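Subject: Structure for you to look at

Dear colleague,

I am handing over the structure below, and I would be grateful if you could keep it open while you read the notes that follow it.

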Amino acid sequence: MKIKCAHLCFEFRFVLLIALFSGLSVVQGITHPSDVEALQELYVSLNCSSQLTGWTSVGGDPCEESWMGITCHGSAIVSIQISGLGLSGSMGYMLSFLGSLKTLDVSDNRIHESIPYQLPPNLTKLNIANNNFSGNLPYSIASSLSLSYLNTSSNSLGQSIGDIFANLTDLLTLDLSHNNFSGYLPTSFASLSNLLVLHLQNNQLTGSLNVLDGLPLTDLNVANNNFSGSIPQKISSISNFIYGGNLFDESPASPPPRPSPASPPPRPLGRPYHNNGDSSGSYASWGSDGQSCNSFKGNKNRLTVGPILGIVLGSLVVVVLAAAVLFAGIRKKKRKDNTMKHSFGNIPLILEKVNNEGHEQRVKPTPTTLDLRSLNMENLTCQKMKGNNESVNIVKSPVTATSYNIRTLQGATNSFSQENLVGEGTLGRVYRGQFHNGKVMAIKKIENAALSLQDEDNFLEAISHMSRLRHPNIVPLTGYCTEHGQRLLVHDYIGNRSLQDMLYSSDDRIKVLTWNVRIKLALGIARALEYLHEVCLPSVVHRNLKSANILLDQELNPYLSDCGLAALLPNTERQVSSAQMVGSLGYSAPEFALSGIYTVKSDVYSFGVLMLELLTGRKPLDSSRVRAEQSLVRWATPHLHDLDALARMVDPTLNGLYAVKSLLQFADIIDLCVQPEPEFRPPTLEVVQALVQLLQRASIQKRRSSEDLSFYRNT
């Protein structure tokens, strides 16, 4: 036995000696720990596929062990190429940990769900083509400044493309073909100053191609969409341009010939000319009988009276037509509604006919070849023109939400019965509705007395804004109804409880929110606000941020509801004391209480209060507590930098299971968000970055050995 033990000890020392001489560590591999963790999480999300040779969910070292499809530079993973392996599952949520990754290619697999919200920040090539991805493009693409190749073709992506390309000046190839994208091309396409290849075929895109005019494209495919209007001259000259299967007014016209010494001068209006092949530039002028009236060569002969008269008459016709068009345009401009303060400039308008059942019928847009690159769709207004039996609404952009009739919504909610009532807010009540196809939706029935926008056109304008809000952490607006003076909104139904219910319900069956889950909830809400504040132009202020408006699905992913509803509320700057005052007590920023002014920084304050709720498990205002503790902000903020006092404030349901450092960083973010002066509060972009770093550290620490008892603190 002693001999065997001695032999084993010798082997161990021999292996250790080899490791030391080879420069390897027996404790830690050469790959950066955050890269390893991200790859392990990706492996689990891909259902631990056996096709990924060498990959493992626990331990291992991708760079040292040469995991399949992984390329490293030093200790960093720079490339993941795992295409065509028949992989299923999803992409997980930790790709943003791969800070050095340049190439990500998962094309030709069966990966589903949505594209991860946070992508690796320094990608130059992203290829997810030929999978089963759904949802929309994550707006984090907007910060991928080094991206030169993006291919999302042949998936099930939908909704609008998203105005996320303004800073992607290095992008050379963009392929969004064979998806379900709809709506106009984003105006930020005009910023793709180096784009050479753009494939948009086989989608449901509408509008014109004007935003692409001026790009250095050599390969453009827009076939099988719903594009309309005229094709800009520069686009029609692209060497590889495919445009069939659309609603264009006409085929691309060839550029008009420019007069030169070697080419004949312009012909009179309506008179064809025929070049006789003379190198001196001779041409035949033809009379109405089709016979040649005169032949002209150089300066040898003079024009006869007939051609001169034709030129004069043709010129007069052109002048008269131009004057008529100019006069008609001036009169039309004078007849415009005086409320239209913004110029429509170079914008193709969409006409929407509303029939007696409340359903919209698309009318073909007026042809236009004008430029859309300077277009700010948010600044356009609406105008209504009345006909004999129907009304025509000119809206600034099409309402992408579905128009429902009242009978359908009554049937889905059993005539808005009490048993289908699921909530009540500032504007009205929310009902659960189940349609004939089995789909369940949330239907908000707005009380007209609560609205500031009684006019149908203004209401539809607000709906148009709301219907374009698309983000993984925002409850989307999918439908509406304006029939018979009603104002109803139809949203996706989030089947789990609200954050308010999860924090304060006495039901023991509710799943306890762990510390890391609370960080993820805060991050999801912050990302939704970042989208509203930083991505939307102009910024969208929520104005009613509270835990009751944070809905959770079965996986405890947060969804911010009531986005864009502030536009439907009365003017709070003049009605601060009104019962319909925007925001809820305990969440409102100090400047709102004083002046009624609400900005994006006021949303940041409300978000800080939400984080305090997650930290303490207490309500923003609680009259059941002693007077000094009734206001959560006043009670908590003096203790955010005192570790002992902070530990005593933590929600007792956590049972002391949290990282001390993580707790302090969480408290630091709260302290910045609830600053009394708006100018000292951080923008939501910085809040998101701080929470991402906090979550990354928490996830890494979570995998450490539980033997390090100093990681936890017991209150």
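Asn226 is partly exposed, because its relative accessible area is 37%, and the cut-offs place a residue in that class when the value is neither under 20% nor over 50%. Please keep in mind here, and in everything below, that this is a predicted model. Asn226 lies in strand E12, which covers residues 226-229. Although Asn226 and Gln204 are 22 residues apart in sequence, their C-alpha atoms are 5.9 Å apart in space. Gln204 is also one of the residues in contact with Asn226 once the neighbours within four places in sequence are left aside, and the others are Leu205, Thr206, Gly207, Asn246 and Leu247.

Two loop residues come next. Phe416 sits in the loop between helix H6 (406-412) and strand E23 (421-424), and its phi is near 55 degrees, which is a positive value in a residue other than glycine. Is Phe416 buried or exposed? Phe416 counts as buried because its relative accessible area is 11%, where the cut-off for buried is under 20%.

Asp562 belongs to the loop that runs between strand E29 (558-560) and helix H10 (590-595), and here too phi is positive in a residue other than glycine, with a value near 65 degrees. With a relative accessible area of 16%, Asp562 is therefore buried.

Asp562 also leads us to the empty spaces inside the model. The structure holds 6 cavities of 30 Å³ or more, and the second largest cavity contains about 50 Å³ of space. Asp562 is part of the lining of this second largest cavity, together with Met466, Leu469, Ile474, Val475, Pro476, Leu477, His491 and Cys563.

The last residue I would like to point out is Glu613, which is found in helix H11 (residues 600-616). Which side chain of opposite charge is nearest to Glu613, and how far away is it? That side chain is Lys619, at 8.7 Å, and Glu613 is buried yet has no salt bridge. The side chain of Glu613 does, however, make a polar contact of 3.2 Å with the side chain of Ser547. If residues up to four places away in sequence are not counted, Glu613 touches Ser547 as well as Leu503, Tyr504, Tyr587, Arg618, Pro620 and Leu632.

With best wishes

Technical notes
Residues numbered from 1 in each chain as written. Predicted model: local features only at pLDDT ≥ 70, side-chain atom pairs only at ≥ 80, totals over all residues. Heavy atoms only, no water. Helix = DSSP H or I, 4+ residues; strand = E, 2+ residues; numbered from the N terminus. Buried < 20%, exposed > 50% of the residue type's maximum accessible area, 1.4 Å probe, protein only. Lys, Arg positive; Asp, Glu negative; His and termini not counted. Salt bridge = Lys/Arg side-chain N within 4 Å of Asp/Glu carboxyl O. Polar contact = N/O pair within 3.5 Å; in protein donor to acceptor, adjacent residues only side chain to side chain. Contact = heavy atoms within 4.5 Å. 1 Å grid on protein atoms, 1.4 Å probe; cavity = no way out; pocket = protein on both sides within 12 Å on 5 of 7 lines; lining within 4 Å. Points joined across faces, edges and corners; volume = space filled by probe spheres on them.
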